[in-house]
Amino acid sequence: MLFDIAQICMNGHVINSVAGQAPAWNTKFCMSCGAKTITHCPSCQSSIRGEPQVSWMASDAVPPYTCPSFCEDCGSPYPWTQLRLGAAQELIELSDDIEAPDKEILVADLPDLARETPRTQVAATSFRKIAAKLGGSVASVLRDIAVDVASEAAKKIIVGP
């Protein structure tokens with residue numbers, strides 16, 4: 001199957017998931033946040049995978065486009081993934097409500113929350129237990145950031161059934 005190229009801003013807003021087919025929709029900067037847009041991985045320069053190129057008859061079978069977190073060619077996190085992981089780490093480190101040992105666990109588990117690894121379930125379970133000890137806005141914001149960057153398997157554990 002052939003795929004088009006996607007254009008995404010550095011903060012992760014999808015600008016155009018068919019940038020090759022419909023270049024008129026491309027913009028140099030994001031209309032939501034003003035960030036620069038890219039169509040290629042900054043690490044390896046391969047195109048960011050967009051929507052599959054299918055005939056109009058098969059278009060109903062195509063799932064909605066979702067912004068990728070990692071480059072399929074080199075495995076590097078895209079800039080928006082790095083920003084989300086960095087924001088989660090910063091929030092963890094800034095929080096006075098999280099005890100130091102729990103901070104270390106949460107920060108160490110962040111990469112396994114973002115990827116599907118053998119440790120994803122452990123990291124998500126650990127995150128959920130530590131977040132349950134927190135109260136108020138810190139837990140809510142931390143949960144929102146984690147869910148934003150988390151893999152599908154981790155989201156199911158963090159959010160629950």
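Biologist: Is V149 buried or exposed, and what is its relative accessible area?

Modeller: The model is predicted: local features require pLDDT of at least 70, side-chain atom pairs count only at pLDDT 80 or more, and totals for chains, interfaces and linings use all residues. Residues are numbered from 1 along each chain as its sequence is written, and side-chain values rest on heavy atoms, with hydrogens and water left out. Buried means under 20% relative accessible area, exposed over 50%, and partly exposed in between, with a 1.4 Å probe and protein chains only. V149 counts as buried, its relative accessible area being 2%.

Biologist: Where does V149 lie, and which residues does it touch beyond those up to four places away in sequence?

Modeller: V149 belongs to helix 4, residues 136-149; helices (H or I, at least four residues) and strands (E, at least two) are DSSP runs, numbered from the N terminus. A contact requires heavy atoms within 4.5 Å. Once residues up to four places away in sequence are set aside, V149 touches T81, R84, L85, L113 and A114.

Biologist: Which residues does R84 contact, leaving aside its neighbours within four places in sequence?

Modeller: R84 is placed in helix 1. Its C-alpha atom is separated by 9.7 Å from that of A114, 30 residues apart along the chain. With neighbours within four places in sequence left aside, R84 is in contact with N11, G12, I145, D148 and V149.

Biologist: What is the relative accessibility of A146, and with which residues is it in contact outside its neighbours within four places in sequence?

Modeller: A146 also lies in helix 4. A146 counts as buried because its relative accessibility is 1%. Leaving aside neighbours within four places in sequence, A146 is in contact with F127 and I158.

Biologist: How is E93 classed by accessibility, and which residues does it contact outside its neighbours within four places in sequence?

Modeller: E93 is found in helix 1, residues 79-94. Its relative accessibility is 47%, which means that E93 counts as partly exposed. E93 and A108 are 15 residues apart in sequence, with 12 Å between their C-alpha atoms. Leaving aside neighbours within four places in sequence, E93 is in contact with K103 and V107.

Biologist: What pattern do the helices and strands follow along the sequence?

Modeller: The protein contains five helices and five strands. Read along the sequence, their pattern is β-β-β-β-β-α-α-α-α-α.

Biologist: Which strands stand at the edges of the open sheet?

Modeller: Two strands pair if DSSP finds at least two bridges between them. Three strands form an open sheet in the order 3-2-4, with antiparallel pairing. Strand 2 (residues 7-9) is joined to strand 3 by two bridges, and I8 stands opposite V14 in strand 3. Each edge strand has a single partner strand, so one side of each is left without a neighbour in the sheet; the edges are strand 3 (14-16) and strand 4 (37-38).

Biologist: What is the phi of Q45?

Modeller: Q45 lies in the loop between strand 4 and strand 5 (49-52). Q45 counts as exposed, because its relative accessibility is 51%. Most residues other than glycine have a negative phi. Q45 is not a glycine, yet its phi is positive, about 70°.

Biologist: How many disulfides are there, and why is C44 not bonded to C71?

Modeller: A disulfide is a pair of cysteine sulfur atoms within 2.5 Å. By this rule, the count is zero. The closest cysteine sulfur to that of C44 is in C71, and no bond is assigned because the distance is too far, 3.7 Å.

Biologist: What is the distance from C67 to the nearest cysteine sulfur?

Modeller: C67 is likewise in no disulfide, and with 23% relative accessibility C67 counts as partly exposed. The nearest cysteine sulfur is that of C9, at a distance of 8.3 Å.

Biologist: How far apart are the mean positions of the positive and negative charges?

Modeller: Lys and Arg count as positive and Asp and Glu as negative, while His and the chain ends are not counted. Each charge is placed at NZ of Lys, CZ of Arg, CG of Asp or CD of Glu. For the 13 positive and 18 negative charges, the mean positions are separated by 2 Å.

Biologist: What percentage of the residues of the protein count as buried?

Modeller: The C-alpha trace spans about 50 × 30 × 30 Å along its principal axes. Of the 161 residues of the protein, the buried percentage is 38%.
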